[in-house]
Each structure stands twice: as C-alpha cells, then as structure tokens.
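Colleague: I am new to this structure and would like a close look at one part of it, namely the charged side chains that pair with one another. Could you take me through them slowly, with enough of the surroundings to place them?

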Amino acid sequence: MNSVIAFENDTEKNAVFKLMQTAQQRITANLHAVFQTIHIPSDNLRQAIEYVCFPTGKAFRPTLIYATAQALQINVESINAAAAAIECIHTYSLVHDDLPAMDNDELRRGRPTCHIAFDEATAVLVGDGLLTLAFEILASPIFNPISPKHRIQQVLSLSQAAGVSGMVAGQVLDILNQRVSDTELDLNALRQIHSFKTGKLIRCCIELCLPLAPDLAKTERIQLQVFADYLGLIFQIKDDLLDVTGSTETLGKTTGSDARSDKMTFPSILGMEACENLLSSLLHEAMACLECLNVLDTGPLRALANFAANRDR
C-alpha cells in the first residue's frame with residue numbers, strides 16, 4: 001500500500017529515526033536511573049518491570065515530548081521526567097491490554113507478553129506499579145527538578161489523560177462496542193472512542209511541555225493541542241491498518257487479531273481505501289496546524305506526524 005505522504009527526502013526520513021533513537025536512549029538511561037534510585041523489595045517484581053521496559057519500543061510518545069520541547073525551546077533536562085513518566089504509563093497500558101481479560105495477546109515487542117513470561121498476577125501488579133511510578137517520577141524533585149507549581153500541573157495533566165476521563169474511559173468504551181456484529185457504531189463514535197483511548201495520552205505529551213513555556217501565546221497552545229488530536233487519530237488508524245497489512249515479525253506482535261475477534265476498527269467500518277484517504281486528510285490537517293506556528297521550530301513535529309502515517313511497525 002502506498003505511503004500517504006512520502007518523506008520529502010532521505011534527510012527528513014533519517015532525521016525522524018535519529019530523533020526516535022535519541023529518545024529511546026534517553027528513556028532507557030533515565031528509567032535505569034529511576035530503578036536504581038527507588039526501593040523495590042521484590043526481585044521478581046523488579047525483574048518483571050525491567051522485562052517490559054527494556055528494551056523500549058518505538059518511544060513514539062517520549063519522542064513527541066522531546067520534539068515539542070525543541071519547538072518550544074525547552075531545555076531537554078527539564079523534560080526528561082515527563083518523557084519517562086509517559087513511557088511508564090504507555091508500558092503499563094500495554095501490559096494490561098495483553099492480559100487474558102483484555103486482548104489476550106501472547107506476543108509484545110517480539111517477546112512473550114508479561115503474563116506469559118511471568119504470570120497473570122505479576123502482570124497486573126507490574127501495570128499497577130508502572131502507573132503509580134509515573135506520578136512518583138513527575139512529583140519528585142529528585143527526578144523532576146522543575147518548580148513545584150509546574151510539577152503539579154504535569155501531574156494533573158497526566159492523571160486526566162490516563163485515568164477515568166481519558167485512556168481508561170476509552171478502553172471501557174472500546175470493550176463495550178468491541179464486536180462489529182453486535183453494534184451499529186458509526187465512524188464519529190469510533191473516532192470519539194479513540195480520542196480517549198489513544199488520543200488523550202498523545203495530546204498529553206504536548207500538554208506536559210506547556211507549563212515550561214509560559215510565554216507561548218494562547219492561539220499557539222490551541223494549535224499544538226489540535227495538532228496532537230489529529231496525530232492521535234492518525235496513529236490509531238495506522239495501527240488498525242497495520243493489523244491487516246503488517247507482519248508479526250515486523251510489528252513484534254500478533255497481526256490479524258482485530259478481524260479474528262470481530263473488533264470494531266477503522267478498516268472494518270470504512271474499508272482499506274477509505275481508511276487511507278482519511279489518514280491522508282488527517283495528516284494534511286495536522287500539518288496545517290503546524291503551519292500556523294511560524295515562530296516555532298516545527299520540523300521534528302512534522303517529521304513525527306509523517307512517520308505516524310507512514311510507519312510499518
């Protein structure tokens with residue numbers, strides 16, 4: 001299937017992969033430092049947490065934080081904690097999504113999922129531990145040496161994005177409307193589900209940076225947030241497409257699971273060609289948001305949006 005919008009040149013393509021590689025290295029180093037600092041009395045718990053955290057995945061969300069920080073000229077050291085926290089939340093969500101009570105997957109990042117490698121109870125507790133650790137990272141001046149006011153703002157943003165007003169709500173809505181044959185769910189309703197399930201955490205990556213850019217104009221803040229909303233939908237639609245067209249070897253997880261479980265997805269509602277057209281439209285809208293931010297260095301954000309729409313994993 002053809003790319004929605006091809007990278008303009010190899011330089012742009014290489015730049016986004018370098019950006020993501022740098023984010024992966026930072027996340028790995030920062031999470032290792034966190035795990036060396038905090039006390040985890042159970043060796044089994046520590047081993048299971050490190051199993052799911054290392055090596056990292058694509059680090060798309062931390063990369064979005066670093067790209068936003070670059071656009072807003074925020075010092076990278078002041079945003080490391082936010083990037084580590086968002087990775088903890090994302091990893092916890094994957095561990096819980098893979099559980100038998102949820103998606104019942106046995107493969108993640110090319111390895112057995114946590115409940116297969118260890119056991120189901122451990123996987124539940126690993127997710128719980130990573131969820132709470134994210135807020136410890138944000139709230140602690142040891143890990144997050146910014147002002148107390150800004151730490152509180154970040155904690156509030158992440159709690160709203162990850163909790164009952166955000167990702168958790170989206171997951172529940174997805175479960176309740178999961179089967180194609182059991183519901184008349186339309187495209188707008190599906191977009192709403194994923195605006196919570198996927199989009200809120202992606203938007204939060206932008207919002208975690210905003211307290212550190214107090215001079216940013218309100219209109220520019222809104223444009224960045226709208227860009228993030230488009231990006232969340234782009235990411236989810238591409239995920240749905242890759243479940244149909246991707247390979248288990250490339251993705252590191254089992255493909256075709258959506259169709260086998262009769263799950264409501266963008267391809268199941270629209271078909272493949274219409275999905276590609278929607279993806280292209282959303283990407284153009286996302287890029288238009290960035291064009292309104294002439295005073296900012298939006299190159300990394302543009303490249304990351306392009307990656308989200310064109311990725312093969």
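Modeller: What follows goes from the whole chain to its paired charges, one pair at a time. Please keep in mind throughout that this is a predicted model. The protein chain holds 15 helices and 2 strands, and its radius of gyration of 19 Å is close to the 20 Å that the globule rule gives for 313 residues, so the chain is as compact as a globular protein of that length. Along the principal axes, the C-alpha atoms fill a box of roughly 50 × 50 × 35 Å. Of the 313 residues, 51% are buried, and among contacts with a separation of 6 or more, 74% are between residues 24 or more positions apart.

As to charge, the chain carries 25 positive and 36 negative charges, and the mean positions of these two sets are 5 Å apart. Side chains of opposite charge can pair when their charged atoms come close. A search of the whole structure finds 7 salt bridges, and I will describe some of them.

One of these joins glutamate 50 to arginine 46, with a distance of 3.8 Å from N to O. Both residues belong to helix α2, which covers residues 43-53, and because they are 4 residues apart there, about one helical turn separates them. Glutamate 50 is partly exposed, its relative accessible area being 28%, and arginine 46 is likewise partly exposed, at 22%.

Another salt bridge is formed by aspartate 174 and lysine 197, whose closest N and O atoms are 2.8 Å apart. This pair links distant parts of the chain, since aspartate 174 sits in helix α8 (residues 167-176) and lysine 197 in helix α9 (residues 187-207), 23 residues apart. Aspartate 174 and lysine 197 are both buried, which here means that each has under 20% relative accessible area.

Helix α9 also contains arginine 203 and glutamate 207, which lie 4 residues apart, or about one turn of the helix. Their side chains form a salt bridge in which the closest N and O atoms are 3.0 Å apart, and arginine 203 is partly exposed, with a relative accessible area of 24%. This pairing does not stand alone, for Arg203, Glu207 and Asp229 are linked in a network of salt bridges.

How values were computed:
Residues are numbered from 1 along each chain as its sequence is written. This is a predicted model: local features need pLDDT of at least 70, side-chain atom pairs count only at pLDDT 80 or more; totals for chains, interfaces and linings use all residues. Side-chain values use heavy atoms; hydrogens and water are left out. The radius of gyration is taken over C-alpha atoms; the globule rule is 2.2 Å times the number of residues to the power 0.38. Buried means under 20% relative accessible area, exposed over 50%, partly exposed in between (1.4 Å probe, protein chains only). Contact means heavy atoms within 4.5 Å. Lys and Arg count as positive and Asp and Glu as negative; His and the chain ends are not counted. The place of a charge is taken as NZ of Lys, CZ of Arg, CG of Asp or CD of Glu. A salt bridge is a side-chain nitrogen of Lys or Arg within 4 Å of a carboxyl oxygen of Asp or Glu.
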